[in-house]
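The following paragraphs lead the reader through one protein model, beginning with its contacts and ending with its surface. Please keep the structure in view while reading.

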Amino acid sequence: MKFTRQRIALCVAAATLAISGAAQAGALDQLKAFASGTKAAKGEFTQQQQGKARNGKAAPVSSGSFVFARPGKFIWTYQKPYEQVLQADGDQLYIYDKDLNQVTVKKLGNALGSSPAAILFGSNNLEQNFTLSEAGERDGAEWLNAVPKSKDTSFEQISIGLKGGVPVAMELKDAFGQTSVLKFTSFQRNPQLGAQQFKFEIPQGADVVKQ
């Protein structure tokens, strides 16, 4: 479960809107405006896998907060049902599991690539890595589909819902046919961030695993 959460968080493609005075624009135009105009953002999220768990009950809902500064800097924090932090400083990725008091360190490198995270945390070259198409209106939001051009990715398709100039939902379909749904609230575009915002401090006594 934790691995799935890490993968989704890493790949989260919160397609935010930086469009002004054009709330009725199509999702594709809004996404392009976001890519060119949003340098940083923060907000809150919930995450849930569609369908029922093996015990027949609905999959649990995870929730937390995020902050990012493009390209490649972000803090994705799970607060419920347990605490976990994924943090990148533009060079390294740190995954901190509070229960285990363990930090996994990875080279960020091209980890974003054609993943959904590239939309949120990466550069502006969206159409270089994704095939984008309008997906119409649903649940009061304008939707688009983003299909990674690279085959070296865990996701087959990312669907992004935008409403009133901000992202409200995202659906991530993986190679196994499972779909996870993320919903975004309290979104703030281009907030003031501190210079040391994304510097990760290893918690005292934590085990460090480098990959």
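Two residues are in contact when heavy atoms lie within 4.5 Å. On that basis, residues 24 or more positions apart supply 51% of the protein's contacts that have a separation of 6 or more.

The model is predicted, and its mean pLDDT is 81, with 79% of the residues scoring at least 70. Confidence reaches its highest mean, 94, in strand E12 (residues 207-210) and its lowest, 57, in helix H1 (residues 2-11). Over residues 13-24 the pLDDT stays under 50, although the model has 44 contacts beyond four places in sequence for this stretch. Where pLDDT is low, predicted coordinates should not be read in detail.

The protein contains 4 helices and 12 strands. An open sheet of 12 strands, mixed in its pairing, follows the order E7-E8-E9-E10-E11-E1-E2-E3-E4-E5-E6-E12. Its edges are strand E7 (130-138) and E12, each of which pairs on one side only. On average, and with direction ignored, neighbouring strands of this sheet are turned by 20 degrees against each other.

Within the sheet, strand E5 (residues 92-97) pairs with strand E6 (residues 102-107) in the antiparallel sense over 6 bridges. Thr104 in E6 is the bridge partner of Ile95.

Helix H2 (residues 27-37) lies across several strands, namely E2 (62-69), E7, E8 (141-148), E9 (155-163) and E11 (179-189). Relative to E8, helix H2 runs at about 70 degrees.

Turning to burial and surface, 47% of the 211 residues are buried. The protein exposes about 10,700 Å², of which carbon and sulfur atoms supply 46%.

Terms used: Residues numbered from 1 in each chain as written. Predicted model: local features only at pLDDT ≥ 70, side-chain atom pairs only at ≥ 80, totals over all residues. Heavy atoms only, no water. pLDDT = per-residue confidence, 0-100. Helix = DSSP H or I, 4+ residues; strand = E, 2+ residues; numbered from the N terminus. Pairing = 2+ DSSP bridges. Axes fitted to C-alpha atoms, helices over the stretch in contact; angles between N-to-C directions. Buried < 20%, exposed > 50% of the residue type's maximum accessible area, 1.4 Å probe, protein only. Areas by Shrake-Rupley, 256 points an atom, 1.4 Å probe, with all protein chains shown as cover.
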